[in-house]
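User: I'm new to looking at protein structures. Could you walk me through how to read some features in this one?

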Amino acid sequence: MASSKKVLTRDEWERKLREVKIRKDDMNRLVMNFLVTEGLVDAADRFRLESGTQPDIDLTSITDRMEVKRAVQAGNVQEAIEKLNDLNPTILDTNPQLYFHMQQQKLIELIRVGKINEALQFAQEELAPRGEENQVFLEEIEKTVALLVFEDVKNCPYGELLDVSHRLKTASEVNAAILISQNHEKDAKLPSLLKMLIWTQDQLNEKAVYPQINNLSTTVLEDPAV
């Protein structure tokens with residue numbers, strides 16, 4: 001019940017927030033981390049010039065990374081593989097799961113454009129051997145090949161493989177692998193901190209009534225309903 005909770009007025013809460021000291025350099029590094037991880041190279045470069053905050057990777061590598069990601073998002077998997085190998089040929093060699101998912105996406109794209117014979121040959125020559133070595137891969141191959149059985153993929157239980165969301169999932173996996181190879185976090189820190197903010201507010205709500213942030217896009221403190 002609200003009556004059993006500690007009540008903090010807006011003035012009290014804002015005073016407590018002001019008492020928390022956050023270094024500007026830490027905030028700038030957090031912003032730079034987000035820009036680099038999300039591939040916003042132009043914004044990262046402008047922020048570098050304006051704030052003096054140096055990124056932890058070469059900004060030119062962001063452009064290369066985003067070219068690989070965009071190629072996957074567009075369904076140009078072979079182009080993405082070639083660009084990825086140009087960027088760092090060890091990534092696919094040392095990440096069999098990523099390589100399989102890239103090849104699986106290539107098979108999906110062949111099915112999408114109706115190249116049935118080519119798709120069957122590709123599945124047999126490139127994917128089947130990997131399925132023999134890995135049960136999880138085999139199950140994924142079977143699901144993908146099942147798309148060929150249905151004239152209308154809407155009736156296929158695995159039709160979601162043809163959704164754009166599956167391209168985006170593969171592209172995100174590639175993006176993460178490149179970042180890790182560059183000794184950079186695969187996920188930006190800022191979204192994780194926002195999730196922590198929500199969790200912390202949920203925990204505090206059990207003990208206190210106070211102004212809180214309900215809309216992360218505006219971060220405006222809102223007075224509680226009383």
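User: Let's start with phenylalanine 137: is it buried or exposed?

Analyst: One thing to know up front: this is a predicted model. The general idea is that a residue with under 20% relative accessible area is called buried. Phenylalanine 137 has a relative accessibility of 10%, so it counts as buried. Phenylalanine 100 is buried too, because its relative accessibility is 0%.

User: How do I describe a pair of aromatic rings?

Analyst: You use two things: how far apart the centres of the rings are, and the angle of their planes. The count here comes to two aromatic pairs. Take tryptophan 13 and tyrosine 210: their ring centres are 4.8 Å apart and the planes sit at 45 degrees, so this pair is tilted.

User: Where do tryptophan 13 and tyrosine 210 lie?

Analyst: Tryptophan 13 is in helix 1, while tyrosine 210 is in the loop between strand 2 (208–209) and strand 3 (212–213), so the pair ties together parts that are 197 residues apart in sequence. Both tryptophan 13 and tyrosine 210 are buried.

User: And what about phenylalanine 100 and phenylalanine 137, how are they arranged?

Analyst: Those two make a stacked aromatic pair, with 4.2 Å from centre to centre and 5 degrees between the planes. Phenylalanine 100 belongs to helix 7 (residues 96–112) and phenylalanine 137 to helix 9 (residues 135–145), so this pair links distant parts of the chain, 37 residues apart.

User: Okay, now the outside. Which residues form the positive surface patch?

Analyst: For a patch, you look for residues with over 30% relative accessible area and no salt bridge, then join the like charges. Here, Lys6, Arg15, Lys16 and Arg18 form a positive patch. Helix 1 (residues 10–19) gives the largest share, three residues. Lysine 16 is found in that helix, and at 42% relative accessibility it counts as partly exposed.

User: Which residues form the negative one?

Analyst: That patch is made by Asp58, Asp64, Glu79, Glu82 and Asp86. Its largest share, three residues, comes from helix 5 (residues 77–87). Aspartate 64 sits in helix 4 (residues 59–73), and its relative accessible area of 36% makes it partly exposed.

User: Last one: which residues make the nonpolar surface patch?

Analyst: Val20, Ile22 and Met27 do, and their patch covers about 290 Å². Methionine 27 is in helix 2 (residues 24–37). With a relative accessible area of 39%, methionine 27 is partly exposed.

Conventions
Residues numbered from 1 in each chain as written. Predicted model: local features only at pLDDT ≥ 70, side-chain atom pairs only at ≥ 80, totals over all residues. Heavy atoms only, no water. Patch = residues over 30% accessible without salt bridge, like charges linked within 9 Å, V, L, I, M, F, W, Y side chains within 5 Å. Areas by Shrake-Rupley, 256 points an atom, 1.4 Å probe, with all protein chains shown as cover. Salt bridge = Lys/Arg side-chain N within 4 Å of Asp/Glu carboxyl O. Lys, Arg positive; Asp, Glu negative; His and termini not counted. Charge placed at Lys NZ, Arg CZ, Asp CG, Glu CD. Helix = DSSP H or I, 4+ residues; strand = E, 2+ residues; numbered from the N terminus. Buried < 20%, exposed > 50% of the residue type's maximum accessible area, 1.4 Å probe, protein only. Phe/Tyr/Trp six-rings, centres within 6.5 Å; stacked < 30°, edge-to-face > 60°.
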